[in-house]
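User: Please take a close look at one part of this model. Which residue would you start from, and how does its setting connect to the rest of the chain?

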Amino acid sequence: MGTDIHVFADNVRLREVNEKLREGIKAVRELIDESYGVDGLHKNGQVASWDDLELGGKFEEWLTAFNEAELV
């Protein structure tokens, strides 16, 4: 019986963590959708566009983990 309570508590905690992670991913997507890119990223005075930073872009390795997380 005690094990069931711990499993339930772990499940609730995982759901809470999952929801927070989803909210964070959504917030970053909203930022990306509402802006052009990242100023100062390459330290060359140019703005790195989101198109270059996301999957399929010249510098996709910067956001590969983020783009993959959106698909989960």
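Analyst:
**Close-up of one acidic residue**

Start with Glu-54. Leaving out residues up to four places away in sequence, Glu-54 is in contact with Arg-29, Ile-32, Glu-60, Leu-63, Phe-66, Asn-67 and Glu-70. Keep in mind that this is a predicted model.

Where does Glu-54 sit? It is placed in the loop between α2 and α3. Is Glu-54 buried or exposed? Its relative accessible area is 13%. The cut-off for buried is under 20%, so Glu-54 counts as buried.

**The pairing with Arg-29**

Take Arg-29 from the contact list. The side chains of Glu-54 and Arg-29 form a salt bridge, at 2.5 Å from N to O. Glu-54 belongs to the loop between α2 (50-53) and α3 (64-70), and Arg-29 belongs to helix α1, so this pair ties together parts that are 25 residues apart in sequence. The two side chains also count as a polar contact, again at 2.5 Å.

Arg-29 has another acidic partner, Asp-33. In that salt bridge the closest N and O atoms are 3.5 Å apart. Here both ends belong to helix α1 (residues 2-33). Asp-33 and Arg-29 are four residues apart, which is about one turn of the helix. One bridge of Arg-29 thus stays inside the helix, while the other reaches the loop that holds Glu-54.

**The salt bridges beyond this pair**

How many salt bridges does the structure hold? There are seven. One of them joins the side chains of Lys-58 and Asp-52, with N and O 3.8 Å apart. Lys-58 is exposed, at 63% relative accessible area. Asp-52 is partly exposed, at 22%. Some bridges share partners, and these link Arg-29, Asp-33, Glu-54 and Glu-70 into one network. Glu-70 also appears among the contacts of Glu-54.

**The nonpolar neighbors**

Now the carbon side of the setting. The largest nonpolar core has six residues: Ile-32, Ala-48, Trp-50, Leu-53, Leu-63 and Phe-66. Several names recur here. Ile-32, Leu-63 and Phe-66 are core members, and Glu-54 touches each of them. In soluble globular proteins, nonpolar side chains tend to be buried together.

Follow the core to Ala-48. Beyond four places in sequence, Ala-48 touches Tyr-36, Gly-37, Val-38, Leu-41, His-42 and Leu-53. Leu-53 is itself one of the core residues.

Ser-49 lies in strand β2 (residues 47-49). Ser-49 is buried, with 9% relative accessible area. With residues up to four places away set aside, Ser-49 touches Tyr-36 and Gly-37. Both of those residues are on the contact list of Ala-48 as well.

**Exposed positions away from the core**

Lys-43 sits in the loop between β1 (37-39) and β2. It is exposed, at 77% relative accessibility. Its backbone deserves a check: phi is near 55°, a positive value in a residue other than glycine.

Lys-20 is in helix α1, the helix that also holds Arg-29 and Asp-33. Lys-20 is exposed, at 58% relative accessible area. Its C-alpha atom is 17 Å from that of Glu-68, and the two residues are 48 apart along the chain.

**The chain as a whole**

Step back to the fold. The chain has three helices and two strands. Read from the N terminus, their order is α-β-β-α-α.

What are the overall dimensions? Along the principal axes, the C-alpha trace spans about 60 × 20 × 20 Å. The radius of gyration is 18 Å, whereas a compact globule of 72 residues would have one near 11 Å.

Burial is also worth a number. Of the 72 residues, 14% count as buried. Glu-54 belongs to that group, at 13% relative accessibility. The chain exposes about 5900 Å², with carbon and sulfur atoms supplying 57% of that area.

Last, the contacts by sequence distance. Among contacts with a separation of 6 or more, 21% come from residues 24 or more positions apart. The pairing of Glu-54 with Arg-29 spans 25 residues in sequence.

Conventions:
Residues numbered from 1 in each chain as written. Predicted model: local features only at pLDDT ≥ 70, side-chain atom pairs only at ≥ 80, totals over all residues. Heavy atoms only, no water. Salt bridge = Lys/Arg side-chain N within 4 Å of Asp/Glu carboxyl O. Buried < 20%, exposed > 50% of the residue type's maximum accessible area, 1.4 Å probe, protein only. Polar contact = N/O pair within 3.5 Å; in protein donor to acceptor, adjacent residues only side chain to side chain. Contact = heavy atoms within 4.5 Å. Core = buried A, V, L, I, M, F, W, Y, C linked by side-chain atoms within 4.5 Å. Rg over C-alpha atoms; globule rule 2.2 N^0.38 Å. Areas by Shrake-Rupley, 256 points an atom, 1.4 Å probe, with all protein chains shown as cover.
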